[in-house]
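Reader: I'd love a close look at one part of this protein, the aromatic residues and what surrounds them. Could you walk me through that part and then show me how the helices pack?

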Amino acid sequence: MNEKLNLMQKLNEAAKSIGAVHKDGKNSFQNYEFQSEGSIKAAVEQAIQGVGIRIIPNYQVINQYDKESKRGGSNHFVDVMGTFLITDGAETETGSMPGSGQDSGEKAMAKACTSAQKYFYKQLFNITDKEEDPDTTDSNATVGEPLINNEQRDQLDRLFESLAGVTNKNKEFVAKAYLKKVGSIDKLTHSSANTLIEMVTNKLNSYVDKEEQSA
């Protein structure tokens with residue numbers, strides 16, 4: 001049956017089979033739960049194997065720097081642009097997603113790549129946990145439209161950080177420019193947050209393309 005489907009149809013079948021991926025990780029410092037990288041990858045791997053798809057990642061470093069920590073140590077930051085080749089052996093499609101990582105050592109690079117892959121999978125297959133977010137109650141929000149969740153907020157924060165790095169601007173300046181219509185990131189709806197994520201990702205891609213052309 002799978003042989004009769006084209007690549008986009010196979011992706012659609014894979015997305016249907018994934019379903020909800022529940023939050024199995026917890027950020028104790030900021031006190032919120034999240035879907036771990038391991039659970040996302042496991043769900044996607046099972047789904048794409050079932051329809052005969054492989055997703056091959058490639059990462060380009062777009063920014064890296066060190067910052068002194070409050071305790072006098074040093075934190076290393078890495079921003080990458082992940083490019084993902086999706087193929088069934090006959091057809092191919094390509095997608096991209098930025099990622100950022102922070103660590104005191106060489107793990108920052110691995111974390112950046114992991115972040116890009118995780119969020120690419122989440123966007124490609126529209127992976128949700130189907131749990132009501134506690135931040136979705138707002139009298140000013142559109143009726144029935146949930147507000148931005150923690151994972152979207154984290155992703156936008158990393159995107160603003162990456163865009164600030166390639167444009168040599170302050171992250172707060174970049175964020176303010178993109179959020180001027182709503183005034184605050186907390187006022188974004190779930191759908192408008194996804195739209196903004198795509199917009200900033202496309203902007204980052206354009207800068208990466210320019211750098212490659214001028215190299």
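Author: Phe-84 is a good place to begin: its relative accessible area is 0% in this predicted model, and since anything under 20% is classed as buried, Phe-84 is buried. Its ring has a partner in Phe-120. The two ring centres are 4.3 Å apart and the planes meet at 10°, so this pair is stacked. Phe-84 belongs to strand β4 and Phe-120 to helix α3, so the pair ties together parts of the chain that are 36 residues apart in sequence. Phe-120 has a relative accessibility of 6%, and therefore counts as buried too.

These two rings also have company. Ring pairs join Phe-84 and Phe-120 with Tyr-59 and Tyr-121 in a cluster.

Stepping back for a moment, the structure has 5 aromatic pairs. One of them brings together Tyr-65 and Phe-77, whose rings are stacked with 5.1 Å from centre to centre and 5° between the planes. Here the link runs from strand β3 (residues 54–68), which holds Tyr-65, to strand β4 (residues 74–87), which holds Phe-77, and the two residues are 12 apart. Both Tyr-65 and Phe-77 are buried.

Now follow helix α3, the home of Phe-120, to its contact with another helix. Helix α3 spans residues 107–124 and packs against helix α4, residues 150–167, at an angle of about 130°, with 12 Å between the axes. That angle is why α3 is described as oblique to α4. Their crossing is left-handed. On the α3 side, the residues that take part are Ser-115, Lys-118, Tyr-119, Lys-122 and Gln-123, and they meet Glu-151, Gln-155 and Arg-158 of α4. Sorted by class, this contact is made of 4 charged, 3 polar and 1 nonpolar residues.

A second helix pair makes a nice companion to that one. Helix α1 covers residues 7–18, and it packs with helix α2 (residues 37–51) at an angle of about 135°, the axes lying 9 Å apart. Again the angle makes the arrangement oblique, this time of α1 to α2. The crossing of α1 and α2 is right-handed. From α1 come Lys-10, Glu-13, Ala-14, Ser-17 and Ile-18, which meet Ala-43, Val-44, Ala-47, Ile-48 and Val-51 in α2. By class, the residues of this contact are 7 nonpolar, 2 charged and 1 polar.

Ile-18 deserves a pause of its own. It is part of α1 and, with a relative accessible area of 11%, it is buried. Leaving aside residues up to four places away in sequence, Ile-18 touches Ala-43, Val-44 and Ala-47, and also Phe-125 and Ile-127. Between the C-alpha atoms of Ile-18 and Ala-43 there are 6.0 Å, although 25 residues separate the two along the chain.

To place all this in the whole, the protein contains 6 helices and 5 strands. From one end of the sequence to the other, they follow the pattern α-β-β-α-β-β-β-α-α-α-α. Among the 215 residues of the protein, 41% count as buried, and Phe-84 is one of the buried residues. As for contacts with a separation of 6 or more, 60% of them involve residues that are 24 or more positions apart.

Note on methods:
Residues numbered from 1 in each chain as written. Predicted model: local features only at pLDDT ≥ 70, side-chain atom pairs only at ≥ 80, totals over all residues. Heavy atoms only, no water. Axes fitted to C-alpha atoms, helices over the stretch in contact; angles between N-to-C directions. Helix = DSSP H or I, 4+ residues; strand = E, 2+ residues; numbered from the N terminus. Parallel < 35°, antiparallel > 145°, perpendicular 65-115°, else oblique. Left-handed = near helix turned anticlockwise from the far one by under 90°. Contact = heavy atoms within 4.5 Å. Nonpolar A, V, L, I, M, F, W, Y, C, P; charged D, E, K, R; others polar. Phe/Tyr/Trp six-rings, centres within 6.5 Å; stacked < 30°, edge-to-face > 60°. Buried < 20%, exposed > 50% of the residue type's maximum accessible area, 1.4 Å probe, protein only.
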